[in-house]
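Open the model in your viewer and keep the sequence panel beside it. We will start with the whole chain and then move to a single residue.

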Amino acid sequence: MNGLTAEQPLLHLAVPKGRIEEGVTSLLADAGIELRSGARGYRPVSSVEGFEVKLLKPQNIVEMLAAGTRDVGFAGADWVVEKSAELIELLDTGLDPVRVVAAAPETLLVEGRLPDRHLVVASELERIASDWIRRKGLDATLVRSYGATEVFPPEDADVIVDITATGETLSANGLVVVDELLRSSTRLYASPAALDSARKKPAIDGLVLSLRSVLEARGRAMVELNVSADDVEEVVAILPCMREPTIATLHGGVGLAIKAAVPRSELPGLIPLLKTKGATDIVVSRLEQIVP
């Protein structure tokens, strides 16, 4: 893998245990770093030398990075804010996108807003919730929850501050969003001390490069096609490639072969359009890594 050699120091990597574990381990595997379960379940073995890996809860990862006992680790941005940790964000993976919201029973609201009275707010994210209460100037008491925060209203709390991905759990419990506090996703963070290390920084940079190349590849597909010389400029004009497409002459000079890495999201509209411009023999293939 780019940037990692046996001569470089051991990187202490933290991988989140729980809901976001699968996405992170899949990303690492696609970058060539497969984690194999060891005799002790919380200490997987990396297929690449140079990593000592430990599975931790995301909130503990933030704390260990801040303490400097872990060099790099994955965690949700919400936990970094909650812990007020001074970490270096290296990469936003875009995995597990969530919002931190304030939500309340619709029956509590007055013209779509929280009532002007004393409120009880339940949240597992105490710091974030407290900051929100202060910013809004609410007369409120904060109750610490330990999971399943959405079941507190209406009997045990008026409002909750919690994370939501789709809003389905909130809706199922009769809650509506009254405010959005922040947006979060799984990100790779580094301990400031690790980045300050002249020996560890190259390995960290190599890890980031490999992971970013996988994320870039996931968002694109390789499109290959044949086209006549008369139609080539019209085809090239509509190809959303990274820089310029690769063009080669077909055997016997009967046409041209074009290759380009294009955004996957544009494929549904792009393929029919290419056909109308004279493209033939269109092949779409998956990319593993892209390093610009």
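The tour below goes from overall views to one site.

**Whole chain.** Remember that this is a predicted model. Select the protein chain and show it as a cartoon. Nine helices and 14 strands should appear. Turn the view along the principal axes: the C-alpha atoms occupy a box of roughly 80 × 55 × 35 Å. The radius of gyration of the protein chain is 25 Å, where a compact globule of 292 residues would have one near 19 Å.

**Surface and interior.** Switch on the surface. The protein chain exposes about 15,100 Å² of accessible area, with 48% of that belonging to carbon and sulfur atoms. Now colour by burial. Of the 292 residues in the protein chain, 45% are buried.

**Contacts.** Draw the contacts with a separation of 6 or more. In the protein chain, 70% of these join residues 24 or more positions apart.

**Charges.** Select the charged side chains next. The protein chain carries 31 positive and 42 negative ones. The centres of the two sets are 4 Å apart.

**Strand 7.** Zoom in on residues 119-123, which form strand 7. Pick Ser123, a member of this strand. Is Ser123 buried or exposed? Its relative accessibility is 0%, so Ser123 counts as buried.

**Around Ser123.** Which residues does Ser123 touch, leaving out those up to four places away in sequence? Show Ala129 first, then Leu142, Val143, Arg144 and Ser145. Add Thr149 and Val161 to complete the set. Keep these side chains as sticks and hide the rest to view the site.

Conventions:
Residues numbered from 1 in each chain as written. Heavy atoms only, no water. Helix = DSSP H or I, 4+ residues; strand = E, 2+ residues; numbered from the N terminus. Rg over C-alpha atoms; globule rule 2.2 N^0.38 Å. Buried < 20%, exposed > 50% of the residue type's maximum accessible area, 1.4 Å probe, protein only. Contact = heavy atoms within 4.5 Å. Areas by Shrake-Rupley, 256 points an atom, 1.4 Å probe, with all protein chains shown as cover. Lys, Arg positive; Asp, Glu negative; His and termini not counted. Charge placed at Lys NZ, Arg CZ, Asp CG, Glu CD.
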